[in-house]
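This report goes through one protein model, from its overall make-up to single residues. The sequence and structure come first.

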Amino acid sequence: MELVIRGADVIDGTGRARYRADVAVDGGRIAAVVPEGGGPRPTAHRVVDADGLALSPGFIDMHAHSDLALLRDPDHSAKAAQGVTLEVIGQDGLSYAPVDDRTLAQIRTAITGWNGDGSDIDFTWRTVGEFLDRLDHGFDGQGIAVNAAYLIPQGTVRMLALGWEDRDATPAEVERMKALVAEGLEQGAAGLSSGLTYTPGMYASDAELTELCRVVAAYDGYYCPHHRSYGAGALRAYEEMVALSREAGCALHLAHATMNFDLNKGRAPELLALLDAAIADGADITLDTYPYLPGCTTLAAMLPSWAAEGGPDAALARLRDDAEAERIRHVMEEEGADGCHGVPINWDTIEISGVNDPALTAYVGKTVAASARERAEAPWVTARRLLLDDHLGPTILQHVGHEENVQAIMKHPAHTGGSDGILHGAKPHPRAYGTFPQYLGRYVRELGVLTLEECVAHLTARPRPASASPTGAGSVRATARTSSSSTRRRSRRARRSRPRAPCRPASPTSSSTAASSSRTGGGRTPWLGVRFAARPRRETGSAGSPDGQTEGVPGRIGEDPPPAPARLILRLRRAQPQQQCLGLVEIVHLEVEVDLLRHALGGPARRLVVVHPLEADDDTAPAGEGGEVPIARRVRLKPGGLPIERGQRLGIGAVQRDRRQLHLQGHGNSGDSRQRAASSLSSASHPSSGVREDGRPSAEGTGRR
């Protein structure tokens with residue numbers, strides 16, 4: 001072993017109580033987790049004494065704006081120092097792929113307050129796949145410091161299809177946007193984001209967004225909207241996103257799900273009741289927040305949407321025109337612009353946190369109102385001058401949050417952590433560098449809003465794009481599932497999956513929680529941090545009716561599966577009731593098994609969860625501990641969408657809403673094998689399941705079936 005972390009208090013992300021254990025690492029991967037008293041202690045070349053220290057999986061930042069920062073700093077210390085090992089970028093409907101030369105220039109200007117103007121970046125990419133390649137191979141081939149999942153930015157897509165026009169898209173334009181979204185998903189994006197208080201994405205109608213979300217749903221992705229208001233009409237805006245995503249059949253992740261401004265003080269319970277009702281009715285919803293009261297965006301984002309129609313140059317032209325500027329001021333200060341969430345702007349809450357022009361640094365760290373008082377001028381005069389002189393570049397903190405809302409929302413079971421961090425400007429929002437320590441220090445240790453175990457679960461196991469545990473860092477890609485035979489792109493480092501129940505470790509009294517790993521051959525990989533998610537490549541033609549058998553299929557993940565037929569090996573093991581885990585499955589071919597499981601599970605109401613690889617070498621495995629994982633957190637199985645890797649041994653459990661379990665039978669070497677698999681969807685005590693009512697394998701249930 002390369003490394004052993006000795007005697008740590010392991011907090012595993014499931015929410016269960018911490019336990020003391022040794023964690024062994026080899027080849028850049030966790031190789032064993034040995035609870036205290038659970039067997040021989042592992043040895044290694046390097047041993048770290050973790051007595052009195054807590055050890056957890058890496059944190060997932062569900063809302064990051066590190067799109068260019070990842071390419072600037074090979075260490076990415078702003079997030080790595082917080083314990084973040086995966087960021088979700090491409091947020092708020094605005095990012096740098098897919099683009100053409102025209103839209104790239106526009107987007108660089110539009111979000112210069114988020115990432116700078118990019119003059120230090122070589123923009124060699126135009127497509128989503130090319131951007132992910134750049135993340136994987138930057139820094140002389142070493143790649144970025146952490147994992148990154150990418151959301152296709154809906155505003156950028158609209159920019160490509162119809163520019164910055166404030167109008168409904170034509171049917172042809174909608175089709176082009178759908179094609180761009182599908183292409184990005186095929187190239188590895190995890191889903192779609194929107195910024196519905198940012199132009200041009202906010203010009204989209206609900207019908208247009210629904211059509212795009214149908215594409216996302218077809219690829220098993222998720223929709224992450226910055227919705228139309230966090231101020232006046234905030235609850236209506238949340239309702240709109242819930243209804244839209246359900247109409248499209250698309251999973252929903254609500255970005256920085258806050259209730260801000262004075263009119264929403266104390267109203268978080270109303271939001272949570274809305275979400276609970278939708279979740280209880282079958283909606284797939286998660287959300288993220290940052291643990292601070294101020295928000296952060298650009299000063300230009302406060303403008304009314306009509307003022308930005310036509311793009312950045314058009315917005316600057318309106319600001320230069322005195323009559324147009326007065327019209328903008330009237331809407332912002334007296335009516336409430338849609339850019340400021342329908343609330344009349346209070347310049348005492350708008351703090352300048354960054355500028356591009358060094359000559360303007362005197363404004364940084366002060367509110368617009370304070371700078372205006374220093375100059376004996378109206379706040380709008382100050383704000384207008386800043387926007388013009390800095391070419392829409394100023395970044396702001398907006399002090400509009402409420403502590404009671406922040407605490408109520410972070411306790412919700414669907415909550416995850418997202419920094420919304422902007423790593424640009426002289427005085428960036430502290431959430432960019434402090435979100436995860438703030439959760440642990442203030443809200444766990446000081447205030448006790450969450451226990452440490454609960455908080456780690458929020459920051460690791462609950463986020464939607466549960467990642468692989470790669471040996472290096474890089475883009476976390478989803479290999480798209482379609483019926484076409486086009487080549488699928490795969491990251492050499494990591495994969496993205498849909499949300500799944502966190503895997504339960506063995507009892508601390510067990511001897512081991514390790515299992516065989518497909519990446520390391522005969523190496524042993526424990527449950528901790530193992531979330532394999534590669535979708536099998538799906539080629540044209542039927543994959544469910546082989547006419548013979550072969551042994552294991554050699555080759556790397558991502559290669560075309562050979563035409564030879566395959567078999568399914570199932571070794572039934574003791575079930576873990578909390579996860580409905582029935583057996584150990586060795587996948588030796590990537591096509592037949594997917595078809596078998598698809599036919600066995602049937603309709604879309606059923607759920608599949610791929611959990612921790614169980615111990616591979618004996619016929620007993622200890623039961624997990626803790627409460628039952630909600631069914632809504634399990635992976636929806638769609639044709640060709642089973643998240644497995646070739647040759648990997650996985651504990652697989654499948655359930656319906658009536659809690660029936662899936663039992664696989666047969667070799668998968670003839671057409672009727674799918675019938676046999678489908679007919680074996682039965683109760684946990686079904687006599688042919690190979691699992692007795694006490695959860696242990698029956699004699700006839702062991703071996704290959």
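A polar contact is a pair of N or O atoms within 3.5 Å; within protein, one of the two must be able to donate a hydrogen and the other to accept it. His227 offers a case: a polar atom of the His227 side chain lies 3.1 Å from the backbone oxygen of Ser229. The model is a predicted one, and all distances below are computed from it.

**The surroundings of His227**

His227 sits in the loop between β10 (222-226) and α9 (234-248). Is His227 buried or exposed? With a relative accessible area of 0%, His227 is buried. Leaving out residues up to four places away in sequence, His227 touches Leu196, Thr197, Ala234, Ala237, Tyr238 and Met241.

**Overall make-up and confidence**

The protein holds 19 helices and 26 strands. Of its 705 residues, 62% are buried. Among contacts between residues at least 6 apart in sequence, 76% join residues at least 24 apart.

The mean pLDDT is 74, and 66% of the residues reach 70 or more. Over residues 466-471 the pLDDT falls below 50, although this stretch has 27 contacts in the model beyond near neighbours in sequence. Residues 479-705 also stay under 50, and the model gives them 570 contacts beyond four places in sequence.

**Aromatic pairs and charges over rings**

How many aromatic pairs does the structure hold? There are seven. In one of them, Phe59 and Phe436, the ring centres are 5.5 Å apart and the planes meet at 10°, so the pair is stacked. Phe59 belongs to strand β6 (residues 59-61) and Phe436 to helix α16 (residues 431-446), so this pair ties together parts that are 377 residues apart in sequence. Both partners lie under the 20% cut-off for burial: Phe59 has a relative accessibility of 7%, and Phe436 has a relative accessible area of 0%.

The rings of Trp125 and Phe131 have centres 5.0 Å apart and planes at 50°, so this pair counts as tilted. Trp125 and Phe131 are both buried. Ring pairs link these two residues with Tyr96, Phe123 and Tyr150 into a cluster.

Two arginines lie over the face of an aromatic ring. Arg327 is placed over Trp306, at 3.7 Å from the ring centre. Arg431 is placed over Tyr290, at 4.2 Å from the ring centre.

**Helix α15**

In helix α15 (residues 403-410), the buried residues are Asn405, Val406, Ile409 and Met410. These residues cover an arc of only 120° around the axis, which puts them on the same side of α15. Elements that cover them include α10 (268-280), β12 (285-289), β16 (415-417), α16 and α17 (452-460).

**The surroundings of His424**

The loop between β16 and α16 contains His424. The side chain of His424 makes a polar contact of 3.0 Å with the side chain of Asn356. Apart from neighbours within four places in sequence, His424 is in contact with Asn356, Thr395 and the residues Thr112, Gly113, Trp114, Asn115 and Gly116. The C-alpha atoms of His424 and Gly354 are 7.1 Å apart in space, while the two residues are 70 apart in sequence.

**Backbone features in loops**

Two cis peptide bonds and two positive phi values are listed here.

| Residue or bond | Feature | Value |
|---|---|---|
| Ala97 and Pro98 | cis peptide bond | omega about 0° |
| Thr199 and Pro200 | cis peptide bond | omega about 0° |
| His341 | positive phi | about 60° |
| His391 | positive phi | about 50° |

Pro98 is in the loop between β7 (84-89) and α3 (101-110). Pro200 is in the loop between β9 (191-195) and α8 (206-218).

Neither His341 nor His391 is a glycine. His341 lies in the loop between α12 (322-335) and β14 (350-354), and His391 lies in the loop between α14 (379-389) and β15 (395-398). At a relative accessible area of 9%, His341 is buried, whereas His391 is partly exposed at 48%.

Note on methods. Residues are numbered from 1 along each chain as its sequence is written. This is a predicted model: local features need pLDDT of at least 70, side-chain atom pairs count only at pLDDT 80 or more; totals for chains, interfaces and linings use all residues. Side-chain values use heavy atoms; hydrogens and water are left out. Helices (H or I, at least four residues) and strands (E, at least two) are DSSP runs, numbered from the N terminus. Buried means under 20% relative accessible area, exposed over 50%, partly exposed in between (1.4 Å probe, protein chains only). Contact means heavy atoms within 4.5 Å. Rings of Phe, Tyr and Trp (its six-membered ring) pair if their centres lie within 6.5 Å; planes under 30 degrees apart count as stacked, over 60 as edge-to-face and the rest as tilted. A charge sits over a ring if NZ of Lys or CZ of Arg is within 6 Å of the ring centre and within 35 degrees of the ring normal. pLDDT is the predictor's confidence in each residue, from 0 to 100. The arc is that of the directions from the helix axis to the C-beta atoms.
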